[in-house]
Amino acid sequence: MIFSRSSGVLLHPTSLPGRLGIGDLGAAAYAFVDALAEMSQRLWQVLPLGPTGYANSPYQSFSAFAGNPLLISLEKLVEENWLPPACLEEAPAFPAARVDYGRVIQHRLPLLREAAATFQAQAATFERKAFEEFCESQRAWLEDYALFMALKEVHALRPWTTWPADLIRRERKALHHWRRELAGEIYCQKFFQFQFFKQWAELKAHARARGLQIIGDIPIFVAHDSAEVWSHPELFHLDEQGQPTVVAGVPPDYFSATGQLWGNPIYRWERMAETGFAWWIERFRATLQLVDYIRLDHFRGFEKHWEIPAGEKTAINGKWVEGPGARFFEAVLAALGQLPLIAEDLGVITPEVEALRDQFGFPGMKVLQFAFGHDERVVRGLIDGFPENAVIYTGTHDNDTTLGWFQNPGGRKPEEFEAERVTVRKFLQHDDGQINWKLIEVAMKSACRAAIIPLQDLLGLGSEGRMNLPGTTEANWEWRFTADMLTAEIRARFKAMTMQYGRA
C-alpha cells in the first residue's frame, strides 16, 4: 500500500483566490498549503497541470509534459524584476468567483512575453545558466513543444492538421525554416516552461516542509491538437492527413445517456510495445518530478478502451478494444520501480479491470455519491466496510458538489433522485442538514487509507461550486473560491475530525 492513513483536499490551482483572474502559484497557493497543514492534512490533490486547450479542460492539454503558463505567478515575476510593479497595479478587474479564460489569456500572455524579453536582455550569468540547464534537461519534449506552440501562434491557434502539408508531415527543411523564423516566440515558450517548473518546484518544496504530499493526475489519452500527437504520429491511429481514424470515449453511463465522446486519438499500443512503452515511461517519470502520487485517469482503458469511429456524433456506436494490460505496467515498474499510483477505476468496471488493478496492488477509488444506488461496489462498501487499499472521496471534479447532488436531480429521473434521497436518509440516519459534513465523516472514518475531500464540500457549496459537467464544454473548469470562505470554524471542524479518525 502506498499510503499511510491520511487525508487531504482536492483543489486545482486555477481555483485559488486572488485578484488577477485565475489561481496561480503565488501567495494564495502558499496560504492554501499552510491552511492544509493547519488542518492536519497530509495530501493535496490537483488536476492535470498541463497547458489547457479545447474548452479550457486540463484533460485536453497541448502537451503531456509541459506546464500551464497561466499558472505562473505574475507577482513572483515582479519580485524577481522580470516585470515592473506597475503591471500589477494596472491589472483590470476580474470576477472573483470564476475564471474568465478569454480575459485572463489576453491579460497574462503579453506580460509573460514581456518578462521573457526582460530576462533575455538582463538576466545575470547564473540565471542564464539555470535557464540553459533547464532547456537541456527537458530537451526530449521541450524542443518540439516550444516549436509547436510557436507554430500555433503564427497559424492563429488553428489545429496542426490545418497547417501547410510540409509542417503536418514535419519535413526537415520546413522545421528548420520555422525554427529560425520563430526563434523569438520559441524562446518565450521555453521561458514560460522554465518559470512554471521553477515556481512549482518552490511550491512543492514548501508543501513538503509543511508535511504535505501532492497527488497529481495523468489523463490516459492526450489531445489530438497537442505537441505529442504532432511530433509522434506513429504512436496514434491517424490517417495520412493526421486525422484520427478512431477516437476515445466511454459508452452511455451515469453522466450521459449517449456516452461521452472525448475525441482523443487512440494509441497504437503494439507500436508502443515495440519500444518497451518508452514514451509512457518518460511520461510517468516526468510527472513524478512534479508530484508525489499519480492518479491514473481512466485506468480501465489499459484493460479495454471504448473505441469510436471518427466522425460519430455520440459515443453510442463504439466498441470495447483490448488495451495493453499487465505487460504495460510490468514494463513501467521494471523501469521506475514502485509506482505510487492510484487507479481511477470508476465507470463500467469488469472483473478483468479489478484483477489488473489488484495484480499490481494499486489502490482504487471509492466515491460516496455513488454509494446510494449508482455503483453496487460502493453500496457494498457502505454496508460491509470499504477496503483499506483504496482512496475514498465524497465526490470528484466530475461530480456535482455533495450539497448540489443531494438537492438537485441533475441528470437523474425524478423518481431515481427521490429514491436516492430516501436511501441517503436511511443509511446515514440523516435529516437533510449539512449532508456535506455527514459524507465527509463517512469518508474520514472509513477503513480506506486515504480520504480526499473536494474543497467545495468542506465549504458547503451547492451546484454553483461544480467544477465540471461531463459531456459539456461550456462554463467548466471556471470555479474559484475566495479566501474568506475557508473560515476558522471550518478549519477547526475538519482538523478535529481528522484527529478523531486517526488521519493527522
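Leaving out neighbours within four places in sequence, Lys 190 is in contact with Phe 131, Phe 134, Cys 135, Leu 142, Glu 143 and Ala 146, where contact means heavy atoms within 4.5 Å. Lys 190 is part of helix H9. Helices (H or I, at least four residues) and strands (E, at least two) are DSSP runs, numbered from the N terminus. Lys 190 counts as buried because its relative accessibility is 14%. Buried means under 20% relative accessible area, exposed means over 50%, and partly exposed lies in between (1.4 Å probe, protein chains only).

The structure is a predicted model, in which local features need pLDDT of at least 70 and side-chain atom pairs count only at pLDDT 80 or more, while totals for chains, interfaces and linings use all residues. Residues are numbered from 1 along each chain as its sequence is written, and side-chain values use heavy atoms, with hydrogens and water left out.

**The chain as a whole**

The chain holds 20 helices and twelve strands. Its C-alpha trace spans about 70 × 50 × 40 Å along the principal axes. For 504 residues, a compact globule would have a radius of gyration near 23 Å, and the chain agrees with this, having 23 Å. The radius is taken over C-alpha atoms, and the globule rule is 2.2 Å times the number of residues to the power 0.38.

Of the 504 residues, 57% are buried. When contacts between residues at least 6 apart in sequence are considered, 74% of them join residues at least 24 apart. The exposed area of the chain is about 20500 Å², of which carbon and sulfur atoms supply 52%; accessible areas come from the Shrake-Rupley method with a 1.4 Å probe, and for residues only the protein chains shown count as cover.

There are 52 positive and 63 negative side chains, and the centres of the two sets lie 2 Å apart. Lys and Arg count as positive and Asp and Glu as negative, whereas His and the chain ends are not counted. The place of a charge is taken as NZ of Lys, CZ of Arg, CG of Asp or CD of Glu.

**The nonpolar core**

In soluble globular proteins, nonpolar side chains tend to be buried together. A nonpolar core is a set of buried Ala, Val, Leu, Ile, Met, Phe, Trp, Tyr and Cys residues joined through side-chain atoms within 4.5 Å. The largest such core in this chain has 165 residues, and Trp 280, Phe 284 and Leu 455 touch the most other members. Helix H9 (residues 183-209) gives the largest share of this core, with eleven residues. Not counting residues up to four places away in sequence, Phe 284 touches Ile 218, Ile 294, Leu 296, Phe 328, Val 332, Leu 336, Leu 339 and Leu 341.

**Further residues**

Arg 208 also lies in helix H9. Arg 208 counts as partly exposed, at 47% relative accessibility. Between the C-alpha atoms of Arg 208 and Arg 449, the separation is 20 Å in space and 241 residues in sequence. Ala 488 belongs to helix H20 (residues 488-500) and is exposed, with a relative accessible area of 63%. The C-alpha atoms of Ala 488 and Ala 35 are separated by 9.8 Å, although these residues are 453 residues apart along the chain.

Two alanines have a positive phi although neither is a glycine.

| Residue | Phi | Loop | Relative accessibility |
|---|---|---|---|
| Ala 55 | about 60° | between strand S2 (43-45) and helix H2 (74-79) | 24%, partly exposed |
| Ala 475 | near 65° | between helix H19 (455-459) and H20 | 55%, exposed |
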